[in-house]
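User: Please take a close look at the charged side-chain pairs in this model. I would like to know which residues pair up, where they sit and how exposed they are.

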Amino acid sequence: MSDLITPELVTLDAAIGATKDDVIRSLAALVAAAGRATSAEGLADDALDREAKAATGLPGGIAIPHCRSAHVTTGSLAFARLRPPVDFGDKEGGADLVFLIAAAAGEGQEHLKLLSKLARALVRKDFVAALRAARTPEEVVGLVNDVVSPPARAAAPATVAGAAPAATTATPAGPRKLVAVTACPTGIAHTYMAADSLAQAATELGYEMQVETQGSSSFTALPREVIEQADAVIFATDVGVRDRDRFAGKPGAESGVKAGISDPKGLITKALAAADDPNGHRIAGGGTAESSGTDTGNLGWGKRIQQALMTGVSYMIPFVAAGGLLIALGFLFGGYQIALGTTAKDIMANNTLLDLPPGGLLQYIGVVLFTIGGAAFGFLVPALSGYIAYALAGRPGIAPGFVGGTIAVAVGAGFIGGLVTGLVAGFIAMWIGSFKAPRWLAGLMPVVIIPLLTTLITGALMYLLLGRPLAMLTTALGNWLTGMSSGGTIVLGIVLGLMMCFDLGGPVNKAAYLFATAGLSAQTEASYMIMAAVMASGMVPPLAMALATTVRKKLFTEAELENGRAAWLLGASFISEGAIPFAAADPFRVIPSMMAGGALTGALSMAFHVTLRAPHGGIFVFFAIDPILGFLVALAAGMVLGAFLVIVLKSVGRRNVAVEATPAAVAA
């Protein structure tokens with residue numbers, strides 16, 4: 001990796017732009033010109049997307065914009081010493097030393113470790129001074145190579161988990177011991193800079209510290225005995241701490257990752273002050289944090305609720321995918337009639353492989369697949385509720401959330417009830433977890449006490465207060481749709497298409513779907529037309545996003561391209577949730593585009609008098625669709641329209657896409 005940086009990637013004392021966007025684009029152009037990236041524009045867009053999530057300017061006139069990009073072919077460092085400095089978002093002023101860290105998508109662990117070494121070196125005053133004094137690009141290259149491939153040297157007293165073990169030197173009086181966790185969204189630079197900054201500050205103050213870096217290059221957990229022996233804990237993170245329960249009940253301080261770089265001694269002082277104060281801040285278990293004096297990554301409550309909802313949906317999707325595909329295969333083998341009445345239950349109750357039903361082996365296999373898929377679907381609302389609570393309160397929220405979701409189904413509150421119980425259980429678990437329990441009780445809080453009390457309160461609220469109103473609301477949505485069915489069929493198709501694409505598997509989507517499936521029992525032409533319009537419209541969002549990511553790849557991140565490839569199958573299977581990652585990251589462009597495509601598909605399906613006799617399965621139940629050509633034309637028209645609108649909107653407002661994206665929805 002000695003060619004991580006070359007003289008061609010270095011520019012000294014140059015004015016390469018008046019804004020950080022200009023500087024990043026200029027450095028990306030250097031990387032591309034050196035043959036290390038396929039597209040300077042694509043690399044710059046990926047770096048700017050990362051920059052929009054959190055500014056990379058640091059105290060001392062340093063900036064480290066960085067990203068992993070599918071456009072990078074060789075991991076590289078591009079360096080600029082600027083005259084004059086340029087604002088990269090640090091409060092102290094502009095940056096004159098700028099490193100662009102360009103890592104290839106899927107970069108190996110060893111390369112990311114080298115990048116982390118550079119980030120650690122940037123907290124050393126001698127290294128920074130040498131960069132400012134360098135007279136040639138070759139001198140800069142030598143300085144960088146010295147820190148990414150240093151000669152063997154004695155280790156510092158403080159250690160970083162995942163890095164080389166460091167010897168510790170205890171003073172005769174026995175220094176105080178601390179542990180810390182550092183993490184940033186991408187886990188490339190800030191994570192390791194904060195770790196080394198804290199470790200160096202601890203050494204200067206005469207304390208022992210071990211740091212766990214939850215970054216991209218490695219994640220080595222601190223030993224449990226080290227955590228138990230620590231006097232205080234420091235969290236310098238912009239994302240959730242993995243396995244937070246290990247630190248539950250310990251005194252400490254919490255902040256964003258930048259505070260670990262800019263004010264490490266202040267964090268250490270704050271953490272030890274909490275240890276000396278019986279009423280000082282204590283680390284809460286699970287995913288919770290005490291509201292008093294705690295910086296949880298600078299996220300407001302609105303953003304935390306949004307991320308919790310998206311977490312619940314993301315954990316629910318595997319149940320939808322497994323259940324939907326199994327049900328579709330069941331229809332393919334056993335025919336659509338197995339979903340009507342009690343056919344499947346009767347066959348499963350009275351037949352085996354040794355005593356096949358009248359439909360023979362294929363029908364029996366179809367019923368088995370349909371039954372397994374139905375069982376998977378039965379977990380949708382409990383999983384949604386359980387993982388919303390988990391996102392808010394960590395593991396203590398899972399059991400109350402699942403129980404609340406199950407109760408929501410039992411009282412007829414459906415998906416709306418699942419959303420409510422997930423939030424209720426999560427907030428109650430957070431509230432109980434914020435109590436300052438004595439050390440002997442802290443270990444039982446996340447395992448027994450919080451789940452017990454939260455489950456009791458959530459269940460009681462649903463049965464005694466919330467259940468009936470939520471069930472009435474769900475019923476009212478269905479009745480509203482029923483009242484519209486007497487109007488024009490095309491207008492109804494447009495309305496159903498809009499609803500199916502509005503929240504992609506949420507309560508509005510599910511209300512339209514339940515309206516269609518409930519009508520199948522009537523076995524009328526109108527009910528079959530409604531089912532066809534609903535399923536075709538629901539297939540549009542994932543298929544449209546799959547098409548858009550295929551046609552215009554440069555408008556999407558690597559994670560979105562991967563989701564786009566999976567969306568082909570999800571869309572063909574009538575799993576609208578396949579478009580959720582795109583909608584969560586860029587809702588103001590994606591959702592209106594999908595709604596327009598769904599509305600067109602719903603209208604055309606009604607206009608062509610397409611009927612569907614199966615409640616699920618997508619294209620796999622082609623045998624239950626009539627006419628199949630009309631269904632495919634309506635579906636293709638909506639898919640093309642939705643993809644076209646997404647591409648146009650993203651192209652027009654490309655520079656603002658990252659600003660609207662939520663860090664929880666799109667992995668850095």
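Analyst: A salt bridge here is a side-chain nitrogen of Lys or Arg within 4 Å of a carboxyl oxygen of Asp or Glu. Asp276 and Arg176 form such a pair, with their closest N and O atoms 3.0 Å apart. The two residues come from distant parts of the chain, 100 residues apart: Asp276 belongs to helix α9 (residues 264-276), while Arg176 is in the loop between β7 (159-161) and β8 (177-183). Asp276 counts as exposed, at 53% relative accessibility; the cut-off for that class is over 50%. Its partner Arg176 is partly exposed, with a relative accessible area of 27%.

The model is a predicted one, and it holds twelve salt bridges. Side chains of opposite charge can pair when their charged atoms come close.

One of the other bridges joins Asp45 to Arg25, at 3.1 Å from N to O. Asp45 lies in helix α2 (residues 40-53) and Arg25 in helix α1 (residues 20-33), so this bridge ties together parts that are 20 residues apart in sequence. The acidic partner, Asp45, is buried, its relative accessible area being 9%. Arg25 has a relative accessibility of 26% and counts as partly exposed.

A further bridge is made by the side chains of Arg132 and Asp96, at 2.9 Å from N to O. Here too the pair links distant parts of the chain, with Arg132 in helix α4 (residues 125-133) and Asp96 in strand β6 (residues 95-104), 36 residues apart. Arg132 is partly exposed at 31% relative accessibility. Asp96 is buried, with a value of 11% for its relative accessible area; buried means under 20%.

Arg132 and Asp96 also take part in a network. Salt bridges with shared partners join these two residues with Asp13, Arg81 and Arg83.

As for links between cysteines, a disulfide is a covalent bond between the sulfur atoms of two cysteines. The count of disulfides in this model is zero. Among the cysteines, Cys67 is buried, with a relative accessible area of 2%, and Cys501 is also buried, at 0% relative accessibility.

To put the three pairs side by side: Asp276 in helix α9 reaches a loop residue, Arg176; Asp45 and Arg25 lie in helices α2 and α1; and Arg132 in helix α4 is linked to Asp96 in strand β6.

Terms used: Residues are numbered from 1 along each chain as its sequence is written. This is a predicted model: local features need pLDDT of at least 70, side-chain atom pairs count only at pLDDT 80 or more; totals for chains, interfaces and linings use all residues. Side-chain values use heavy atoms; hydrogens and water are left out. Helices (H or I, at least four residues) and strands (E, at least two) are DSSP runs, numbered from the N terminus. Buried means under 20% relative accessible area, exposed over 50%, partly exposed in between (1.4 Å probe, protein chains only). A disulfide is a pair of cysteine sulfur atoms within 2.5 Å.
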